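Work through the exercises below with the sequence and the model at hand. Each task is followed by a solution in steps.

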Amino acid sequence: MAIIMNYRNVLLVSLLFIYSFAYSIEVKDIKCNNIINPSGVITPYPFFSWTYIGDDKSPKQGGYRILMATSLEKLKYPDIWDTGPTSTSKMGPFKYRGAPLKTGQRVYWKVMVWGNNRGVAHSEPSWFEMGEIKNPEVVFQPHVFPKKESVLQIELNISDKGRTFEGIGGVSAGASTDLLYDYKDPIRSQILDYLFKPKFGAGFQHLKVEMGGGENSTCGSEPSHAITREELKNPVSRGYEFWLMKEARNRNSKIILEYLPWSFPAYLKPNIFTSESAEYFVSYLDVAKKEWNLDIDWVAAAENENYTNGDWIVNNVRPLLDERGYKNVKIQGPDDNSGDWKIFEEFEKDNAFNNVVEAVGYHYVTGREFNENMVDGRGRPTTKKAKNSGKPLWASEDWSWTGKDWGGAGALNLARMYNKFYIRDRITKSLIWAPIGSIYESVTWDKAGAMKANSPWSGYYEVWPTIWATAHTTQFAEPYNWQYLNNACGLFDKKTYKGSCVTLKEKESSNWSMIICTEKQEEIEIKIGKGFSLSKVNVWKSDENEQFIKQESLIPKDGILRLSLNAKSIYSLTTTSGQQKGTYVIPKKKAFPFPYKEDYEDRKLGDLPKYHSDQTGSFEIALKEDGSHCLKQIVPKQGYDWMRIYRRSNIKPNTLVGDVNWENYTCKVDVFIDEGNVELGGHVKGSYLKGYRFQVAKNGNWKLIFDKKVLKEGVIYNFDGNQWHALKLTFQNKEIEAFIDEVSVVKLPHKKTKGYVMLASTYDENLFDNLEITNE
């Protein structure tokens, strides 16, 4: 029988430890043109600066965000300018990059700063007033359709030209597609049809996936194809993104594929823009081609939302792509969520950089005010330089909301955004996060997605209105074969983007399509000019009650088409055919199976474990000494964490399984501790190890932890760290008990909570097997 010894109370030491790290940072002396609260500013593009005061933990600034608005109240959702989080230790001067400021305008602004080791501080709000501006710039105004006797007039003219339509797509990233992989066919195939099959559901025309790095990237972590420097020589197909790309292309041979990293393995730290990281980027293409016979079209040569490096792209990435036979793979960047398209100023100074970046994408172009006014948010509008460049402009990640809603920030809002991006920004491709929400309930952003599929054990899924809001564009125009007509793209009211219309023409025919979003009832008259089809016009409509319903077709009379449109609706008019509202019978929803057992034998080596959701690190099927399968944590060292300055990291690799509503249960698992420690957790809520955690180290030390607080700890004498051991936790009403090898080591009262089972490990190759969750 193992001998158990409790440690003495360490409360005093813990308090001293907490106190010693209770630091604070400040931001002060925020200035416009080197003056605090200046009046009479005469330049429409002033400069901003401040003083960062660090502490022992974060002596340097790690990042900043400038917010500017027309009132103090609007600083929450800035309507003048928002740089977004921007990683730099510089404190200015930073040039204003929004729309030209006006004579006599008072502007309110503030600064947020982050320390280089996290921690955030907000400045007090400040202000400045504009003086008289000589020769003010003309502010962009979107096209507004004229009215004749209250009837909107839209004209299709063959001499009208516009940019080429490049598609609507989705971003599978941040572990948002996690549980879809665990569905069984034919149900899984049905879900994929709704996402990618042309003229059936959403029909996403572009798929961008995460190049996993083994660290949390929003709702979990995705595995890397090369977790070590040695493995970079022979990269490995891991996770579900390669599979997803293959399934998407099986349904649409013309789908456009792209990839982008969030985090990176440890061996690429601290500088991710090197020749080795270029090899890391290009080796992903090797895996796609050799293992999946996939030709990927684009690489987003950047770190998601943390900009890029021009010298690296020019001197490392592009040459290596060409050398390895990927001359047809194009580079897109910077995939940032800040900077107001400042990359075009860099292009002016660096022609080589300009030449190798073939499309420019920014995130959240319309902002992140998640309500019905989101479409009218300022966000990050494209600049005059961007539009005049002739380079393809993309909203390369946007929206990020629940597709279940029709109103608010939901489906109708998204359709309006698709239109707005062209009318205001001349953006020709829009990608949303996420195409599908396949995330455990209560995990970060669990409600996001155009549709929902997070119950693979039952086969249940939900097709949300946003699928059909997207279909109103994707089923009526194909990338590269259609182009916008600028004068037939515009607003119904100059004050809002809620009512709008975009019109596209097929390049090699007379076919045309029109996508209309309304805020109120409208009467429209369409004058169809020479060179456009005058044949039957098919009409599809969505509103709050029904989505994507075919209406009675119309025949133009004397080249004129008149329609009455309902309020808060989406319409698609087209001279093409073949559109449909795809449908399947959806299985009934069932709770996660209970009791549950998993021996990891039903999947091949290197595969993902069924129903597990990695939150940090990577857990995959591995081989035991006896030839059977088990679960192994494979990330050897903490990697280059995404948004490491702005968001907290997980403590260690961990994976969730089960039901967030579980209360009374017993969970047990066999463990082999190669190095460090392992954990069996219960009543865990989400991504950040919030719940009860039974931790056992290789030397026999153990701890029972709630969140990050140690409730009890001890040591087991004669503990053999080179043998398998059984860990067990029981939750009964308000009591918790922990066991090692069926011997109770601690029994305590606990808060009446509920949640998932969790397996966790230090960054070591620790093993788990024979997971059981019962009501014993």
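**Exercise 1. Find how β2 is joined to β3, and place both strands in their sheet.**

Step 1. Strand β3 covers residues 47-53, and 5 bridges join β2 to β3. The two run antiparallel. Strands here are DSSP runs of E with at least two residues, helices are runs of H or I with at least four residues, and both are numbered from the N terminus. Two strands pair if DSSP finds at least two bridges between them.

Step 2. One pair of facing residues is valine 27 and tyrosine 52, the latter in β3.

Step 3. The open sheet has 3 strands in the order β2-β3-β7, with antiparallel pairing. β2 (26-32) and β7 (94-95) are the edge strands; each has a single partner strand, so one side of each lacks a neighbour in the sheet.

The model is predicted: local features need pLDDT of at least 70 and side-chain atom pairs count only at pLDDT 80 or more, while totals for chains, interfaces and linings use all residues. Residues are numbered from 1 along each chain as its sequence is written, and side-chain values use heavy atoms, with hydrogens and water left out.

**Exercise 2. Describe the hairpin of β34 and β35, and the setting of glutamate 625.**

Step 1. β34 and β35 run antiparallel and are joined by 5 bridges. Glutamate 620 stands opposite lysine 632 in β35.

Step 2. The hairpin has 5 residues between its strands, and glycine 627 in the turn has a positive phi of about 90°.

Step 3. Of the 5 residues of β34, 4 are buried, so the strand is largely enclosed by the rest of the structure. Buried means under 20% relative accessible area, exposed over 50%, and partly exposed in between (1.4 Å probe, protein chains only).

Step 4. Glutamate 625 lies in the loop between β34 (619-623) and β35 (629-633). Its relative accessibility is 88%, so glutamate 625 counts as exposed.

Step 5. Glutamate 625 also belongs to a negative surface patch, together with Asp599, Glu601 and Asp626. Such a patch is made of residues with over 30% relative accessible area and no salt bridge, like charges being joined within 9 Å.

**Exercise 3. How many salt bridges does a search of the whole structure find? Examine some of them.**

Step 1. The search finds 34 salt bridges. The criterion is a side-chain nitrogen of Lys or Arg within 4 Å of a carboxyl oxygen of Asp or Glu.

Step 2. Glutamate 279 pairs with arginine 324, the closest N and O atoms being 2.8 Å apart. The pair links distant parts of the chain, 45 residues apart: glutamate 279 is in helix α4 (residues 275-292) and arginine 324 in the loop between α5 (310-323) and β17 (330-336). Glutamate 279 is partly exposed at 22%, and arginine 324 is partly exposed at 29%.

Step 3. Arginine 318 forms a salt bridge with aspartate 322, with the closest N and O atoms 2.9 Å apart. Both lie in helix α5, 4 residues apart, about one turn of the helix. Arginine 318 counts as buried at 11%, whereas aspartate 322 is partly exposed at 29%.

Step 4. Lysine 568 forms a salt bridge with glutamate 519, and here the closest N and O atoms are 2.9 Å apart. Lysine 568 lies in the loop between β30 (560-565) and β31 (570-574), and glutamate 519 in the loop between β26 (512-517) and β27 (522-528), so the pair ties together parts 49 residues apart in sequence.

Step 5. Asp193, Glu247 and Arg251 are linked in a network of salt bridges.

Methods. Patches are made of residues with over 30% relative accessible area and no salt bridge: like charges are joined within 9 Å, nonpolar side chains (Val, Leu, Ile, Met, Phe, Trp, Tyr) within 5 Å. Accessible areas come from the Shrake-Rupley method with a 1.4 Å probe; for residues, only the protein chains shown count as cover. Lys and Arg count as positive and Asp and Glu as negative; His and the chain ends are not counted. The place of a charge is taken as NZ of Lys, CZ of Arg, CG of Asp or CD of Glu.
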